[in-house]
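Colleague: I'm new to reading models like this one, so please pick a single part and take me through it slowly. Plain language is welcome.

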Amino acid sequence: MSSSTRVALVTGANKGIGFAIVRELCRQFQGDVVLTARDKARGRAAVQQLQAEGLSPRFHQLDIDDLQSIRALRDFLRKEYGGLDVLVNNAGIAFKTADTTPFHIQAEVTMKTNFFGTRDVCTELLPLMKPRGRVVNMSSGWGFKALESCSPELQQKLRSETITEEELVGLMNKFVEDTKNGVHRKEGWPDDNIYGVTKIGVTALSRIQARKLSEQRGGDKILLNACCPGWVRTDMGGSKAPKSLEEGAETPVYLALLPSDAEGPHGQYVHEKKVAKW
């Protein structure tokens, strides 16, 4: 591969919305599409399924909880393509409602992947983004619900236009600590929406990252947004969800393929292809 070949990459893509995003990018993106998954066998099986449909994604292993794995992917992209054109941070986890794992353990594990894993991927891969690159961080309507349930003081901090990454990391760590100490409600966090709090983190992080890109690489016209795919029929969303996988992929694919002359959206929370309130 030469550095002139364009490349798009999707994390957590062996099933669900991530898989649907890869399928659509294979159809619409002018360049290579890399499907990543934590489990090599599942990832390769997903690639084979798409090959059977006449599509040709590449596979690379990625566990977003493992810094070595992220750095191996970074080195692959640098060597094969000289950078990255489209990054869709889709990988994430959620405990089932009926899961009996202690609340504070659920909080720690979910935060580790959804917020800190996504942040680590961005730390390693955002410097590789080529001019007019597109970055999509998968958030959730649950994040907005969780934000609305936070205390006014917390909402003000998390919505701030000037919050730093360090301050946000401090708040996400504090949430986990507060659950361990059984004081998260008293400290202004939602009662039982762990997944939502991790997605508050993803949206707030996206706003910070977009601000940094504008300050440090404004001329490169890279656009970075968070989005909500809606309630989708996946292992996570369940069978009662109104949206198909293809419908869930629509907004992230729209943001991944924003035309090269687009001025925005940038640093926004996007739902149904429209900038939504945050």
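What follows is a request about the sheet and one connected reply.

Colleague: In what order do the strands of the open sheet come, and with what kind of pairing?

Modeller: Before we start, keep in mind that this is a predicted model, where local features need pLDDT of at least 70 and side-chain atom pairs count only at pLDDT 80 or more, while totals for chains, interfaces and linings use all residues. Residues are numbered from 1 along each chain as its sequence is written, and side-chain values use heavy atoms, leaving out hydrogens and water.

Now the sheet. It's open, has eight strands, and reads β3-β2-β1-β4-β5-β6-β7-β8 from one side to the other. Strands here are DSSP E runs of at least two residues, numbered from the N terminus, and two of them pair if DSSP finds at least two bridges between them. The pairing is mixed.

Look at the ends of that order. β3 (58-61) and β8 (274-276) are the edge strands: each has a single partner strand, so one side of each has no neighbour in the sheet. Going from one strand to the next, the twist averages 30 degrees, with angles taken between N-to-C directions on a scale from 0 to 180 degrees and axes fitted to C-alpha atoms.

Stay at the β8 edge for a moment. β7 (residues 269-271) runs antiparallel to β8, and three bridges hold that pair together. If you click on H271, look across to β8 and you'll find its bridge partner, K274.

Next, move inward to β1 (residues 7-10), which sits between β2 and β4 in the order. Its neighbour β2 (residues 32-37) runs parallel to it, and four bridges join the two. Find V10 in β1 and you'll see L35 of β2 standing opposite. Now turn β1 around: V7 and L9 are on one side, A8 and V10 on the other, and all of these residues are buried (under 20% relative accessible area, with a 1.4 Å probe and protein chains only; exposed is over 50%, partly exposed in between). That is what it looks like when both faces of a strand are covered.

So two strand pairs are worth comparing on your screen: β1 with β2, parallel, and β7 with β8, antiparallel. In general, strands of a sheet pair through backbone hydrogen bonds, in either of these two ways.
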